[in-house]
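Biologist: Could you take me closely through one loop and the parts of the chain that surround it? I would like a careful account, including where I should hold back from reading the coordinates in detail.

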Amino acid sequence: MEFVAGPAVHRVLCADCGTPIVPNSANLCVSCLRNTVDITEGIPKQAAVSFCRNCERFLAPPTSWTLARPESAELLSICLKKLKGLNKVRLTEAHFIWTEPHSKRLRVSMTVQKEVLTNTILEQTFEIEYLVQHGQCPDCAKLAAKNTWKALVQVRQKVPHKRTFLYLEQLILKHNAQKDTISIKEVRDGLDFFYSSKSHALKMVDFLASVAPIKSKSSEQLLSSDIHSSTANFKYTFSIEIVPICKDDLVCMPLKQARNYSNISPLTVCIRVGNSLQLLDPQTLQTCDIPGQIYWRAPFDSLASVTDLKEFTILDIDPDHTRQKGKFVMADAQVALAGAFHSSGTHGTGDDDSMDFESSGLTTQVFHTRTHLGAILQPGDTALGYFLTNANYNSDNFATLPVSRIPDIILVKKTYPNRRKKSKARNWKLRSIAKEAGEEGETSGARGAIGRMGGRDQKKVEQDYEIFLRDLEEDPELRSGINLYKAPEVTMAPPEQAERKPRKKTQFAMDVDEAVPEEVVPASVVQDDEEEEEEPDFPDIKLDELLEGFDEMTLGAGEDDVQEESHNES
């Protein structure tokens, strides 16, 4: 087979350097063409990007602020938008070049193409350095200033305690409903939530409507207006009122209204408060649900609250398992006052929780009642209930009830008196909404959003908080809706220190706004507690119900210890 030569390749000399090249319209080699024509002319080699350190967002031209992670596609898009001359060339490739995180510099490598002469496309790679300038976005600037809110949500409940708002605070934290809140201010009957936009306030109103029966009203105030552009600036206020009935409250409805609710007895106990009220008749186990819309058509107040509960000792109980509804079992019980059969000398022990009924004439009287707690009560247990025989209520609805329909005692829940006698630290804690620095109404010893007013109300808030913690321990259904976190371990004090330090009666250190020191329990106290009889059904929260406090994990002084432990394990 004969060799056939290919077509001859004609070459010419470069007009500048004389290098043989393939003929082109400029008759120049690539190096001379780049020296003659710069396709990156008009593209700045240095630029600046704005970064807000408070919310960690970058300014995306012209006015929007965007969250972008380092070396992400979003951040690269923001950097490219800062360049003005990119519309004159064709961008083929761009990527970040690594820089020190604290250098406040961003380096981007770009490859562009452009047609310089007829049918001649030149490609060039170059770097651009961006300077990260720290500043404040408009939202953070409003947060730093005072009274710059656009929307206000006023949450009120006309009750003499704060337990509803303590539970509401935990619901808000679990669902992260406070993320758009500028600040929170405590007032006499509730809380005020401030927002920078109306949409954020509406989200909070919808959240409150989903967790509690509420009644809402809205209003707006004109701040300024422009007649030329037909624009106006308003401040919006949403007034939210929560029903004044809480869990375990005694309710006496009007007779006509009770007939509308499945003909239930007017004298009932509130067993649950969600987006509706659930009432229970302890005498018949009949229940009814009252939605918030129906309640506010004809509202009624509670007859007695948890603070009016008295302690009773169960002498005998006869449960009837044929009459059962859910977790409630009907039972006939014989009860007496908690201090009924104690001698007079036992009341001088100095225990604040003991009750003296010597002067009431009811020390040895036994009461017969019907209760819905037949599944959990046993002879010898202690229960809390309303003592209707020895009570005087200022209620027209209660006064119109026939005497035959009013029981002597209504038992509400089982209680554990040994809990108040022991200073055993809880193995769990709750989070709270952190306070704003320098916020109006702030007190140094306050706990999150609840208890900022301080003064004479502080002791009452602490009592409500302790009752709230006990309710969480004794009611698994109540604590299933919130998050509980593991508490730091409790260390024991030496005997010398235990003698100097008096024994604490109660424990309230559950807040996590500040660093909680490890609680020191005297060793002598632990020995005394072990000698006392432990209740078999004492309410303990298991570890599988608790969450790890990941938000509190820091790489501080204990970092070296953690590294040593991991090295030893390996």
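**The loop at threonine 63 and its surroundings**

Modeller: Threonine 63 has its place in the loop between strands S4 and S5, and everything that follows is read from a predicted model. This residue counts as exposed because its relative accessible area is 63%, and the cut-off for that word is over 50%. The loop belongs to a hairpin in which 3 residues lead from S4 to S5, and the two strands run antiparallel, joined by 4 bridges. Within that pairing, arginine 57 stands opposite leucine 67 of S5.

On its other side in sequence, S4 pairs with S3, again in the antiparallel sense, over 2 bridges. Phenylalanine 51 is found opposite phenylalanine 58 of S4. The turn of this S3 to S4 hairpin, which has 4 residues between its strands, includes glutamate 56, whose phi is positive at about 60°.

From the loop one can also look across the sequence, since threonine 63 and cysteine 137 are 74 residues apart along the chain yet 9.6 Å apart in space, taken from C-alpha to C-alpha. Threonine 63 is exposed, whereas cysteine 137, at 0% relative accessibility, is buried. Cysteine 137 also raises the matter of disulfides, and the count for the model is 0. Cysteine 17 gives an example: its sulfur forms no disulfide because the closest cysteine sulfur, that of cysteine 14, lies 3.6 Å away, and the limit for such a pair is within 2.5 Å. Cysteine 17 is partly exposed, with a relative accessible area of 44%.

Helix H2, residues 73-81, has Leu75, Leu76, Ile78, Cys79 and Leu80 as its buried residues. They pack against S3 (46-52), S4 (57-60) and S5 (64-67), as well as S6 (90-97), S7 (105-117) and S8 (120-135), so the strands on either side of the threonine 63 loop are among those that meet this helix. An α-helix has 3.6 residues a turn, and therefore residues three or four places apart point the same way.

Strand S7 offers a view of one position in this set of strands, for serine 109 lies in it. Serine 109 counts as buried because its relative accessibility is 8%, and the cut-off is under 20%. Leaving aside residues up to four places away in sequence, serine 109 touches Glu93, Ala94, His95, Ile97, Thr125 and Phe126. One of these, phenylalanine 126, has the charged end of lysine 45 over its ring, 5.4 Å from the ring centre.

A similar placement of charge over a ring appears elsewhere in the chain, where the charged end of lysine 235 sits over the ring of tryptophan 149 at 4.2 Å from its centre. Lysine 235 is in S13, where it is the bridge partner of glutamine 221. S13 (residues 231-242) pairs with S12 (residues 214-226) in the antiparallel sense over 12 bridges, and the hairpin that these two strands form has 4 residues between them, with serine 230 in the turn showing a positive phi of about 55°. S13 also pairs with S9 (residues 151-156), here in the parallel sense and over 6 bridges, and tyrosine 236 of S13 is the bridge partner of alanine 151.

Aromatic pairs in the model come to 9. One of them joins phenylalanine 234 and tyrosine 236 in a tilted arrangement, with centres 6.1 Å apart and 40° between the planes. Another is the edge-to-face pair of tyrosine 295 and tryptophan 296, at 5.1 Å between centres and 80° between planes. Phenylalanine 234 is partly exposed at a relative accessible area of 25%, whereas tyrosine 295 and tryptophan 296 are buried, and these two form one aromatic cluster with Phe300.

As for how far to trust the coordinates, the chain averages a pLDDT of 78, and 77% of its residues score at least 70. Over residues 435-446, however, the pLDDT is below 50, although this stretch has 28 contacts in the model beyond near neighbours in sequence. Residues 550-570 also stay under 50, and there the model has 3 contacts beyond four places in sequence. Where pLDDT is low, the predicted coordinates should not be read in detail.

Note on methods:
Residues numbered from 1 in each chain as written. Predicted model: local features only at pLDDT ≥ 70, side-chain atom pairs only at ≥ 80, totals over all residues. Heavy atoms only, no water. Phe/Tyr/Trp six-rings, centres within 6.5 Å; stacked < 30°, edge-to-face > 60°. Buried < 20%, exposed > 50% of the residue type's maximum accessible area, 1.4 Å probe, protein only. Lys NZ or Arg CZ within 6 Å of the ring centre and 35° of its normal. Pairing = 2+ DSSP bridges. Contact = heavy atoms within 4.5 Å. pLDDT = per-residue confidence, 0-100.
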